[in-house]
Structure formats: C-alpha cells, structure tokens
Amino acid sequence: MTSAAGQQPLRLVVVDDHPVVRAGIVALLSAEADLAVVAEVDDGDGVLAAWEQHRPDVVLMDLRMPGVDGVTATARLRAAHPASRVLVLTTYDTDADILRAVEAGATGYLLKDAPRAALTDAVRRAARGETVLAPPVAAKLLTRMREPAAERLTARETEVLACVARGLSNPAIAAELFIGEATVKSHLLRVFSKLGVDDRTAAVTVAMSRGLLPPPR
C-alpha cells in the first residue's frame, strides 16, 4: 500500500492494554492514507519483539499497563534501538508520569483526548524525529524546569517513593529496584528534605498533591 503521493506509508505499532481503546486508535490511524498500523501489542513486555519484527517508524505507547509499563518498555526499546521513536499516548498528565516518560527517551507525549488531526500530525512529526508535546504537558514541563533544582525529585527518588506508595518495605524496594537498603534510605531522606516532611506517609501524600507522584491505579 502506498499513500496518495506514491510514498510508502509510515509504519506504526500501537501499544495499549485496553482492546476497545486500542481498536479505536488503530481505526483512526488506519483511515489516513499515509499511516499504516503494522502491529498491535497489549502489554509493555511485547514491545521490543514487535519493533524488531516490524521496524516501525513510530511506536504509540500507552503509559500505565499491567506488568511492564510504558515507561519501562520505552526505556528498554530505546536502549536496544536508539533510533526508535516512541510517542506516548495516555490519559495521564501528572508531572511524575511526564518526567519518567521523557527521561526514558520518549519522542513525544500526547493525551488520549487529543483531536484526531492533532494525533495524526503528532505521529508524522514524531516519525521525523521532532519532539511532540501536548500543550498541557509542555506547560507542566516548563513549570517544572523553572522550579529550584532542590525541590525536584529525581527519577530514582520518584521510583522509590512510588514503591513506598504501594506499601513496600525498604528491603522490598531494594530488591525490586536492584539497589541496597542503605541507598533506599538515602533516597528517602532526600525526598523527605525536598518535600519538607519527616515520614513516609506524609511524603507520599505531599508528592501526590503536587502531582509529583501518580495516584494509585
């Protein structure tokens, strides 16, 4: 299949764990002559294999999925194939989600309520290697960049705090993140200092209220 201009259509992989949502995205994209969905994936674990099989121009990545989430899948794909391009397509726009996705190497970050024209334009721009951010996402990133560095949580501090929010103990966090217990404690102490709190519960509460930590699923 070729587009109206005689060029091969852009090859896309759509990753989303909700079948109905995924089908809607696929139908929307497939209606464009210059876009072709070559594979659908229902979890983050299958992303790398799908990319290696189809070599798509863009991967449209859901963010929160059971098992391997979109951020982890993005990081794995970008590590294995630096030329890959990932466009996050999600309903979540918290600071923590945005920062994790960008740090993992996502080319763009778009919200699922984006108009059809905005989505298809974002796919084409991502295929060209352009950074594509939904306006609310760009605004949050700009605000985040203007904050004093001392108030920002690093990606690892956010990961540790997210584990705390799930009720994990320090030993369990250390095992999950492959770091030492002493390192976990150091991260938590820095988090407490940055957030102006002195216990784990308060840290989670404050971080969620500021949009630094996504709410539990």
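Here is a short tour of this structure, stop by stop, with something to select each time.

Before you click, note that this is a predicted model: local features need pLDDT of at least 70, side-chain atom pairs count only at pLDDT 80 or more, and totals for chains, interfaces and linings use all residues. Residues are numbered from 1 along each chain as its sequence is written, and side-chain values use heavy atoms, with hydrogens and water left out.

**Stop 1: the sheet**

Switch on the cartoon view and pick out the strands. Helices (H or I, at least four residues) and strands (E, at least two) are DSSP runs, numbered from the N terminus. You should find an open sheet of six strands in the order 2-1-3-4-5-6, with parallel pairing; two strands pair if DSSP finds at least two bridges between them. Strand 2 (35–41) and strand 6 (132–133) are the edge strands, each pairing on one side only. In general, strands of a sheet pair through backbone hydrogen bonds, either parallel or antiparallel.

**Stop 2: strand 1 and its partners**

Select Val14. In strand 2, Glu40 stands opposite Val14, and in strand 3 the residue opposite Val14 is Leu60. Strand 1 is joined to strand 2 by six bridges and to strand 3 by four.

Now follow the chain from strand 1 through helix 1 to strand 2: this β-α-β crossover is right-handed (with the strands pointing away from the viewer, the path from the first strand over the helix to the second runs clockwise).

**Stop 3: strand 4**

Select residues 86–90. Five of the five residues of strand 4 are buried, so this strand is largely enclosed by the rest of the structure. Buried means under 20% relative accessible area, exposed over 50%, and partly exposed in between (1.4 Å probe, protein chains only). Show the side chains: Val86, Val88 and Thr90 point one way, Leu87 and Leu89 the other.

On one side, strand 4 runs parallel to strand 3 (residues 58–61) and is joined to it by three bridges, with Leu87 as the bridge partner of Leu60. The chain gets from strand 3 to strand 4 through helix 3, in another crossover that is right-handed. Strand 4 also pairs with strand 5, over four parallel bridges, and there Val88 stands opposite Tyr109. Keep Tyr109 selected and look to strand 6, where its bridge partner is Leu133.

**Stop 4: helix 3**

Select residues 70–80. Which residues of helix 3 are buried? They are Gly70, Val71, Ala73, Thr74 and Leu77. Seen down the helix axis, they fall within an arc of 160° (taken from the directions from the axis to the C-beta atoms), so they line one face of helix 3.

**Stop 5: Glu157**

Jump to helix 7 (residues 155–165) and select Glu157. Is Glu157 buried or exposed? Its relative accessible area is 2%, so Glu157 counts as buried. Its side chain makes polar contacts with the side chains of Arg190 (3.3 Å) and Lys194 (2.8 Å). A polar contact is a pair of N or O atoms within 3.5 Å; within protein, one must be able to donate a hydrogen and the other to accept it, and residues adjacent in sequence count only if both atoms are side-chain atoms.

**Stop 6: Ala114**

Finish in the loop between strand 5 (108–111) and helix 5 (116–127), where Ala114 lies. Ala114 has 23% relative accessibility, so it counts as partly exposed. For a last look across the model, select Ile173 too: the C-alpha atoms of Ala114 and Ile173 are separated by 36 Å.
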